[in-house]
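Visitor: Could you help me learn how to read a β-sheet? I would like to go step by step.

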Amino acid sequence: DVAYLRSVLPSTTEDAFFDYLATLDASEVTVSAVPEGSVVFARVPFLQVKGPLLVVQLLETTLLCLVNYASLVATNAARFRLLAGPDVKLMEMGLRRAQGPDGALSASKYSYIGGFDCTSNILAGKLYGIPVRGTIAHSFIMSFTSLEEVQPRVSLLPLAGGEPVDLPALAESWLQRVCKGTNPLLAHARSGLPNFCAVALALHQLGYRAIGVRLDSGDLAQQSKEIRRALRACGAHFQVPWFERIPIAVSNDISEQSLEEFRREESEIDMIGVGTNLVTCPLQPSLGCVYKLVEVNGAPCLKLTEDEEKMTIPGTKTIYRLYDAAGHPFMDLMALEEEPSPSAGQELVIRVLGRLGETSKVVPTTVEPLHRTYFRDGQVCEPLPSLPEVRSHAQTSLSLLSPAHRRLHEPQPYPVAVTERLHRVLTELRQATQ
């Protein structure tokens with residue numbers, strides 16, 4: 001690496017600089033952060049890095065690369081989960097639309113954290129232990145024009161024992177019976193639904209259960225209701241009780257709007273496959289996390305700007321989440337690291353960002369410090385959670401939010417505040433700079 005830098009930097013660069021680069025390591029770096037999977041809000045630092053200035057500056061691009069897309073996709077996935085509700089299964093299937101193979105793996109991993117149940121990305125399943133699911137390719141179905149082309153014939157052993165059974169022949173015999181049923185949707189032998197029912201009934205006869213039905217075009221909500229009625233009728237006619245509960249899966253450029261329509265129309269959909277609108281995040285294609293200097297040699301520093309939203313909050317800080325009596329977080333509070341921790345039941349005088357000219361008083365029922373130290377003295381110092389643990393924490397964090405903050409349309413702004421002491425430091429720095 002040093003040799004490469006030597007080849008691209010100006011020839012006048014001193015050798016001592018390259019010698020210095022060769023000695024760099026992270027032995028003096030400390031990293032604290034909110035636990036992975038936590039809900040975080042704008043202006044709240046979710047990562048703090050301390051160490052030699054040059055070293056922590058070199059870490060900037062790497063850290064931002066690691067957290068920006070990951071947080072964006074996890075957030076997008078969480079939005080889909082909130083819209084789908086807790087009972088519908090969500091399958092990430094964005095591999096073909098993702099930003100290259102690295103982006104695809106990241107999308108699978110962080111969609112799972114955000115609340116998706118499974119992925120069609122087999123490599124993500126292998127590397128991260130994410131449950132894998134998929135659908136049969138259209139091209140495979142289209143490659144057959146008749147059952148005679150299925151060679152060798154598919155024979156299946158009955159679960160109860162006995163000789164192998166020719167499954168296509170058994171399904172054909174069931175198809176004739178299905179098409180004579182009472183539901184009009186099952187009357188056409190060349191339609192997909194009666195053929196599915198015939199195969200599912202053949203499997204049932206041998207002791208197996210069909211996995212489900214997949215829809216990927218047309219009015220998915222309406223089709224799901226029609227198919228559910230047909231499955232119920234078929235199950236009742238042939239006395240197969242589980243038939244009415246056969247899962248119905250859908251795909252086809254699913255978006256947030258699609259999920260809202262499914263809920264509004266009271267669809268019978270059990271599983272939803274989401275690809276493009278999940279992994280490319282079209283509603284917000286990038287996340288603007290930034291990495292700003294707030295203290296040098298123990299002295300707080302400030303990036304001054306006319307736009308208050310872009311102004312940094314100086315000093316090394318401790319972040320607290322304040323909860324109300326109902327157990328919902330109602331405010332995040334930034335304090336200087338050396339300030340005493342606020343206590344539950346204590347009246348706090350604070351200033352909310354965006355309204356720094358006025359003070360407010362709050363009394364939290366519970367106070368939670370958000371940051372934990374994960375890296376110190378060159379090594380990881382806190383056990384890192386497994387992917388399922390991160391996913392569980394993310395869902396818990398979301399569930400704790402009040403409905404007013406959690407709703408996706410016109411949510412109530414979540415307040416972020418500073419202590420009076422931190423506000424004084426901010427004011428003094430602004431005055432000194434001006």
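**Reading the sheet**

Guide: Happy to! Let's begin with one pair: M91 stands opposite C118 in strand 4. Please keep in mind that this is a predicted model.

Visitor: What holds strands of a sheet together in general?

Guide: Strands in a sheet pair through hydrogen bonds of the backbone, and the pairing is either parallel or antiparallel. Here, strand 3 and strand 4 are joined by two bridges in the parallel sense.

Visitor: In what order do the five strands of the open sheet lie?

Guide: The order is 4-3-9-8-7, and the pairing is parallel. Strand 4 (118–119) and strand 7 (213–215) are the edge strands, each pairing on one side only.

Visitor: Which residues are bridge partners of M271 in strand 9 or stand opposite it?

Guide: Take its neighbours in turn. With strand 3 (residues 89–92), strand 9 pairs in the parallel sense over four bridges, and K89 has M271 as its bridge partner. With strand 8 (residues 248–250), strand 9 runs parallel and shares two bridges; there A249 stands opposite M271. Between strand 8 and strand 9 the chain passes through helix 11 (residues 256–264), and this β-α-β crossover is right-handed.

Visitor: Are the residues on the two faces of strand 9 buried or exposed?

Guide: Check each side of strand 9 (residues 271–274) separately. M271 and G273 lie on one side, I272 and V274 on the other, and all of them are buried. Both faces of strand 9 are therefore covered, with buried meaning under 20% relative accessible area.

Conventions. Residues are numbered from 1 along each chain as its sequence is written. This is a predicted model: local features need pLDDT of at least 70, side-chain atom pairs count only at pLDDT 80 or more; totals for chains, interfaces and linings use all residues. Side-chain values use heavy atoms; hydrogens and water are left out. Buried means under 20% relative accessible area, exposed over 50%, partly exposed in between (1.4 Å probe, protein chains only). Two strands pair if DSSP finds at least two bridges between them. A crossover is right-handed if, with the strands pointing away from the viewer, the path from the first strand over the helix to the second runs clockwise.
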